[in-house]
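Let's take a walk through this one together, starting from a single pair of side chains and working outward. Have the viewer open and follow along.

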Amino acid sequence: MAVASTAGKVLQRRAIQCSFSSVFHLKNSGMAYKESKEAEKIFLTAVALPLACMGFAGAATWGYRNFLMPTKKGGGMLTH
């Protein structure tokens, strides 16, 4: 997929290099402020938001299984 904007190209290159953690340091690397903000927005939408949703779903599942799911012993913590 071809990316037209400079921010998109940088983000695409960083995605290939697996270095998403440095996406927030783009404005310190000489990239234009507007372009760095666009890259941050793309990163947050494409990576951080889905990751947070998966973390929340995992925590909710763990909580349900450990505190709310009935067991043969009458509820409470599961015993494995």
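## A charged pair, then the rest

E40 and K37 form a salt bridge, with their closest N and O atoms 3.4 Å apart. Bear in mind as you look that this is a predicted model. Side chains of opposite charge can pair when their charged atoms come close. Both E40 and K37 sit in helix α2, 3 residues apart, which is about one turn of the helix.

Are the two partners buried or exposed? E40 has a relative accessibility of 9%, so E40 counts as buried; the cut-off for that is under 20%. K37 comes out at 34%, which makes K37 partly exposed. If you go hunting for further salt bridges, you can stop here: the structure holds 1.

Now zoom out to the whole chain. It has 2 helices and 0 strands. Of its 80 residues, 19% count as buried. The accessible surface adds up to about 6100 Å², and carbon and sulfur atoms own 66% of that. As for how the chain meets itself, take the contacts between residues at least 6 apart in sequence: 26% of them join residues at least 24 apart.

So what fills the inside? The largest nonpolar core has 8 residues, namely A7, V10, L11, V23, L26, M31, A39 and F43. Two elements, α1 (6-17) and α2, each give two or more residues to this core. The top contributor is α1, with 3 residues.

Next, slide along to the other end of α2, a helix that spans residues 33-68. Here W62, Y64, F67 and L68 make a nonpolar surface patch of about 500 Å². L68, itself part of α2, has 62% relative accessibility and therefore counts as exposed, the cut-off being over 50%.

One more residue is worth a stop. N66 also lies in helix α2, yet with a relative accessible area of just 11%, N66 is buried. Where does its side chain go? The side chain of N66 reaches the backbone oxygen of W62 at 2.9 Å. W62 is thus one of the residues to look at twice, because W62 also belongs to that nonpolar patch, whose members have over 30% relative accessible area.

To recap the tour of α2: the helix carries the K37 and E40 pair, gives two or more residues to the largest nonpolar core, and includes the buried N66 as well as the exposed L68.

How values were computed. Residues are numbered from 1 along each chain as its sequence is written. This is a predicted model: local features need pLDDT of at least 70, side-chain atom pairs count only at pLDDT 80 or more; totals for chains, interfaces and linings use all residues. Side-chain values use heavy atoms; hydrogens and water are left out. Patches are made of residues with over 30% relative accessible area and no salt bridge: like charges are joined within 9 Å, nonpolar side chains (Val, Leu, Ile, Met, Phe, Trp, Tyr) within 5 Å. Accessible areas come from the Shrake-Rupley method with a 1.4 Å probe; for residues, only the protein chains shown count as cover. A salt bridge is a side-chain nitrogen of Lys or Arg within 4 Å of a carboxyl oxygen of Asp or Glu. Helices (H or I, at least four residues) and strands (E, at least two) are DSSP runs, numbered from the N terminus. Buried means under 20% relative accessible area, exposed over 50%, partly exposed in between (1.4 Å probe, protein chains only). A polar contact is a pair of N or O atoms within 3.5 Å; within protein, one must be able to donate a hydrogen and the other to accept it, and residues adjacent in sequence count only if both atoms are side-chain atoms. A nonpolar core is a set of buried Ala, Val, Leu, Ile, Met, Phe, Trp, Tyr and Cys residues joined through side-chain atoms within 4.5 Å. Contact means heavy atoms within 4.5 Å.
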